[in-house]
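Colleague: I have a model open on my screen and would like to talk it through with you. Could you take me over it step by step?

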Amino acid sequence: MTRSRAWVVSLFDRDLIAMAYRATVQWIAQHDVQAAMDGAVAIAGVQAWSDRKRQIFKPQHLKAAWDRLQSQGWLA
C-alpha cells in the first residue's frame, strides 16, 4: 500500500470510529433526556449499556462525541 493510500485508509477508519461514538451517544441522548443535557450522564449511560461498550468506548472519546453533537445542535 502506498503511503498516501495508507493515510486515506487510516483517515477513513478514524471517521468510522468517530461516527460509532457519535451514533452511540446520540442513541443514549434520544432515550434519556438527562443524557442530552449532560455529557457525564451520557457517558454513564453508554458505560451501563454493556460490558463490551464499557471496555471499548473510552470516556474521553465519548465526551468528545457528546461535545461535537451538542455544538452542532444534535442533542435536545
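Modeller: Let us begin with the overall make-up and then turn to single residues and one helix pair, keeping in mind that this is a predicted model.

Colleague: Fine, so how many helices and strands does the protein chain have?

Modeller: The protein chain has five helices and zero strands, and read from the N terminus on, its elements follow the order α-α-α-α-α.

Colleague: And what share of the residues counts as buried?

Modeller: Among the 76 residues of the protein chain, 25% count as buried. The chain exposes about 5400 Å², and carbon and sulfur atoms supply 60% of that area.

Colleague: What part of the contacts comes from residues 24 or more positions apart?

Modeller: If you take the contacts in the protein chain with a separation of 6 or more, residues 24 or more positions apart account for 53% of them.

Colleague: Let me change topic to helix 1. Is Thr24 buried or exposed?

Modeller: Thr24, which lies in helix 1, counts as buried because its relative accessible area is 8%, and the cut-off for buried is under 20%.

Colleague: Which residues is Thr24 in contact with, leaving aside its neighbours in sequence?

Modeller: Once neighbours within four places in sequence are left aside, Thr24 is in contact with Val46, Trp49, Lys53 and Phe57. Lys53 has its place in helix 4, residues 51-56, and apart from residues up to four places away in sequence, Lys53 touches Thr24 and Val46.

Colleague: How many residues apart along the chain are Lys53 and Thr24?

Modeller: They are 29 residues apart along the chain, and their C-alpha atoms are separated by 9.5 Å.

Colleague: What about Ala23, is that residue buried or exposed?

Modeller: Neither word fits, because Ala23 has a relative accessible area of 47% and is therefore partly exposed. Ala23 is found in helix 1, which covers residues 3-31, and from C-alpha to C-alpha it is 9.5 Å from Leu69 in space, although the two are 46 residues apart in sequence.

Colleague: Leu69 again makes me curious about Gln26. Which residues does Gln26 contact?

Modeller: Leaving aside neighbours within four places in sequence, Gln26 is in contact with Leu69, Trp74 and Leu75. Gln26 is also found in helix 1, and it counts as buried because its relative accessible area is 18%.

Colleague: Now for the helix pair. At what angle do the axes of helix 3 and helix 5 cross?

Modeller: The axes of helix 3, residues 39-49, and helix 5, residues 59-71, cross at roughly 130° and come within 9 Å. That angle is why helix 3 counts as oblique to helix 5, and the crossing of the two is right-handed.

Colleague: Which residues meet there?

Modeller: On the side of helix 3 they are Gly39, Ala42, Ile43, Val46 and Gln47, and these meet Pro59, Leu62, Lys63 and Trp66 in helix 5. By class, this contact of helix 3 with helix 5 has six nonpolar, two polar and one charged residues.

Colleague: One last thing, where does Gln34 lie?

Modeller: Gln34 lies in helix 2, residues 33-37, and is partly exposed, with a relative accessible area of 45%. The C-alpha atoms of Gln34 and Gly45 are separated by 10.0 Å, with the two residues 11 apart along the chain.

Conventions. Residues are numbered from 1 along each chain as its sequence is written. This is a predicted model: local features need pLDDT of at least 70, side-chain atom pairs count only at pLDDT 80 or more; totals for chains, interfaces and linings use all residues. Side-chain values use heavy atoms; hydrogens and water are left out. Helices (H or I, at least four residues) and strands (E, at least two) are DSSP runs, numbered from the N terminus. Buried means under 20% relative accessible area, exposed over 50%, partly exposed in between (1.4 Å probe, protein chains only). Contact means heavy atoms within 4.5 Å. Accessible areas come from the Shrake-Rupley method with a 1.4 Å probe; for residues, only the protein chains shown count as cover. Axes are lines fitted to C-alpha atoms, for helices over the stretch in contact, and angles run from 0 to 180 degrees between N-to-C directions. Angles under 35 degrees count as roughly parallel, over 145 as roughly antiparallel, 65 to 115 as roughly perpendicular and the rest as oblique. A crossing is left-handed if the near helix is turned anticlockwise from the far one by less than a right angle, and right-handed if clockwise. Ala, Val, Leu, Ile, Met, Phe, Trp, Tyr, Cys and Pro count as nonpolar, Asp, Glu, Lys and Arg as charged, and the others, Gly among them, as polar.
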